[in-house]
Every structure is written in structure tokens, then in C-alpha cells.
Amino acid sequence: MFENPTAIGSSHSPHLRKPGAKSVSSDLGGGEPGNSVQEGYVFPFGVGEMKGSNSPMHTTAIMPSPTFLWRFKVIWFLIWAFTCCKVGWDSVMRMSADLRDLFLYEAFLYYNPLLLVTMMVWLWGVCLWVFSQSTINYAKIFDLDQNHLTHREIWKCSIWMTVIVPTSMTAYLYLYSHGEVALAASQPVFLYVAVALVLIFPFDIFYFSSRYFLLRTLWRIAFPLQPISFPDFFLADILTSMAKVFSDLERSVCRMVHRQVATIAWFEADSVCGSHSVAIPLVLVIPYIWRLLQCLRQYKDTKEKPTLFNALKYSTAIPVIFLSALKYHVSPDSWTYVYRRLWLFSSLVNSLYSFYWDITRDWDLSVFTRIFKFNKPSLCSYLLYGRQWVYFWVIGSNLVLRCTWTYKLSAHLRHNYLTVFMITTLEMLRRFQWIFFRVENEWNKMTKSGFQIPMADIPREEERLLGSTNHNV
């Protein structure tokens, strides 16, 4: 995630650059002093030149090449993926047919939130990679220190999450299918506890300052008692797309607290932590309440009326969530002839309002107005991604996915968990593409307001790595 500049005592904080975490490139061409050696680099020496050499480089010369190591890791990853799929499938097939679907739903409930978080971390790494290749200085936008985490560190975290979460799920399926119910029930519990401990670990490991910045930003989002910064409302917007994660986390923790993991006591569990629970709409609405409060705080600080209209946008999600939850607390006739119609109307209002705001405010695509006036569209020259079809794709897909996201906000449509998971994944992808144009728009505002940084003064990643003195070779 983002790096907090105030949380770092030095620009070369040791916990940001662990051994092996960053490699240092070197052309070794000029033989100049101070050249660093990249880990795993194979020097272009002949065998005869290496034989009998007393140089300390002799140990490095016999290291395998980075290409070989990369292929080796890919092969092991594919073997691991095949093993997990094979063991998981065999474990499910061992169960009786009447319990199979029920158990898969329960297993999916526990691991679905972490799988979605893992996907979002992968996508955030892709965003950072694209920004690093473009003219957008995202470090300035988010007010990050020069030693903030790059896409490589983000992807390293993603790889570990990709390995750990499915491995735990496979162990859960295997142990339950072989009669080790107690051990199976402990798998999701251990995983959730481990993730929480890593996140709040108070020592200078696991990217401490980045974790501190994330937790501090989450605290500022939950309690908007101070002026709202760009990272505050940016992360809060992302959390609104992860309302499904919050909802499933609540249901998973509820089952763990009531010791209903791996019991298949479906009817008992569903009555306590299931679709009828009032906690589901409350958890679903939390991210929208946070953004609503942020908008009100922004209006208090700036007196700008658009912030009130933005607050109104987030308030339109509240009727969608609670009208849907009423299905379990009113008579069928009342739901069919009264509340269902209100739910459909509120869903339409929320989807169209959110779509309009994305296009005209978050992305500031003023050309959107000209297109629908049937004038010749001429995309603004300051749009950094530059291809016309990209913007038409984003506008169209955003409209469709805004409407489908209403499906997920509705508690009474949760029973088909695979459909809900697919729609949640699509919403993550919609938010992923939203990030590009939201950050682009912010950069345009900064450059237009005179905050222009010459591109020659923006250090590229390779230059920053070469300029650092804290390398492990």
C-alpha cells in the first residue's frame, strides 16, 4: 500500500529494503568504483578466467541466472496449483452428494473475503506498474516518500497471499473429508488470526511503515474528525466496492465465534449468522456511511456545494441495502407489491447517479457532454492514456457494472454464491479501471494548478534504486 512519509525516520529505512527485496542493476561496463552487483547476476566471464580466481566475485559467479530462477519458481507454482486443485477436488468427491454443495458454500464463505482481497492487491500492483510507466507522478498525488513500496513489493505480498489462502482452503477440504473435523475447523480460524497479527505487528518487519500508514488511513476513514486528504477518500471509495468482503467477514467471524465452522449445521448457523441477520445490512452500509461523513467533513472545511451532492450520492445506497433486507421481516405480499418496487426504484437511482458522478466528477470527462450533443467528439489533449476507444469502453462498462453492483448490495439475492462472487469480481475490476482515471484526473488538476514537476526531476525506479546507499549485495 502507500507509504507514510512521516512514519519513516530516514530515507533509507532498513525495514523497507530487506535482503533480496530489491535488486540493484549494474552494467559493469566501465569498471568504475561504486558499481553494485545484482543478486544472482551471472558475469560474462569464461570458465578459464574464473578458474583459480581469488576474487570475492567468484561466489556470485556460480549463482544461477535470474531467468533460471524465475522459471524454477514458475514451475514450482504450477506444481503447487495443480496439487491444490487435485487434492481439493478429490476431497470434495469423497463427500456424500447431499452434503457436497452445502459444504462448498460454507468453505467458500470463509475464504471468499481473503481471495477477493488478494485479487485487489494484485490489481493495485498493476496500477502502480502502469503509473510508473506513464507521466503520472502518483507519489506526489498521494504525498508518498521516495522509498514507498513499488509494484514489485506489492506483487511479492500478492504472491504470498495467493499461495497461503488457497493452501489453507485445500487443507480445510482435505481434513474435513478425511474425518479430522476439529483440525479442519481450525484452518480458517488460524488464517484469520494470522492475517490480523501480521497487519498489526508492532515491529519493524513486514513493511512496518506501510502497514502503519494503512491502519492510520483506515482509522481516519472510520473517524473523519480531521481534514480529508486524497488517500483518505481514495481508499474509502475502494472500500465501498468491497462491501461484500465486509459482509462475508462478518458472517465468517460470527460462525467462528459460535463454533459452527465445519459443523454443517446449516439451518442452525443460518438462523444466527445467515441471511436473516440484521448485521448483514449494517455491515454492507458501513463503507457508504464513511464516505458520506467524509463528504460532510469536506463541506465543513471547504464550503463547496459539490461535496454535498457527493454526499447525496452515497446516501442513495442506503435505501437499496435496507429495502432489500426487509424481505425477511415483512409479509410476502408487502414485499412483492410495495417494498420490491421501492427497492428497484432506489437501485436505479443509485446506479445512474453513481455513473453520472464517475464520468463527470471523478474522471472529469467533459467530452461526455459533447458526445451526447452529437457534436464531433474531440477528446481533451491532456488525457494521458490517449486512446479514444479506451474512454468509450470505460464509460460503457462502468454503466453496466454500476447496475450489476446493485445485485450485490441486495441481501435477498445472496443465495447463489457463485453468481454473487462473479459480480463482486466484476465490481473489483470496475474499481480497478476507475483508479486509473481518478488518479489521472487528480494529476491533471495538480499540473493545471501550477504544480508542475519537470519529468527530468522525477526519479524513475531504476535511478532511485541505483542512487540508494542501503543495498544488500
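**From a surface patch to paired charges**

Leu69 is found in helix H3, which spans residues 66–93, in what is a predicted model. With a relative accessibility of 32%, Leu69 counts as partly exposed, since that class lies between the 20% bound for buried residues and the 50% bound for exposed ones. Leu69 is also one of the residues that make a nonpolar surface patch of about 600 Å², the others being Phe68, Phe72, Ile75, Trp76 and Ile79.

From this patch the reader may turn to a pair of helices, H6 (residues 151–177) and H7 (residues 181–200), whose axes come within 7 Å and cross at roughly 165°. Because angles over 145 degrees count as roughly antiparallel, H6 and H7 are described as roughly antiparallel to each other. The crossing in which H6 passes H7 is left-handed.

The charged side chains come next. Side chains of opposite charge can pair when their charged atoms come close. In this model the count comes to eleven salt bridges, where a side-chain nitrogen of Lys or Arg has to lie within 4 Å of a carboxyl oxygen of Asp or Glu. One of them joins Arg255 and Glu106, with the closest N and O atoms 3.9 Å apart. Arg255 belongs to helix H10 (residues 243–257) and Glu106 to helix H4 (residues 97–133), so this salt bridge ties together parts that are 149 residues apart in sequence. Both Arg255 and Glu106 are buried.

A salt bridge within a single helix is formed by Asp301 and Arg297, whose closest N and O atoms are 3.0 Å apart; both residues lie in helix H12 (residues 279–302), four residues apart, which is about one turn of the helix. The two partners fall into separate accessibility classes, because Asp301, at 36% relative accessibility, counts as partly exposed, whereas Arg297, at 16%, counts as buried.

Arg430 and Asp358 form a further salt bridge, in which the closest N and O atoms are 3.3 Å apart. Since Arg430 lies in helix H18 (residues 417–448) and Asp358 in helix H15 (residues 332–362), the pair ties together parts that are 72 residues apart in sequence. This pair does not stand alone, for salt bridges that share partners join Asp358 and Arg430 with Arg402 and Glu427 into one network. Within that network, Arg430 and Asp358 are both buried.

Conventions:
Residues numbered from 1 in each chain as written. Predicted model: local features only at pLDDT ≥ 70, side-chain atom pairs only at ≥ 80, totals over all residues. Heavy atoms only, no water. Helix = DSSP H or I, 4+ residues; strand = E, 2+ residues; numbered from the N terminus. Buried < 20%, exposed > 50% of the residue type's maximum accessible area, 1.4 Å probe, protein only. Patch = residues over 30% accessible without salt bridge, like charges linked within 9 Å, V, L, I, M, F, W, Y side chains within 5 Å. Areas by Shrake-Rupley, 256 points an atom, 1.4 Å probe, with all protein chains shown as cover. Axes fitted to C-alpha atoms, helices over the stretch in contact; angles between N-to-C directions. Parallel < 35°, antiparallel > 145°, perpendicular 65-115°, else oblique. Left-handed = near helix turned anticlockwise from the far one by under 90°.
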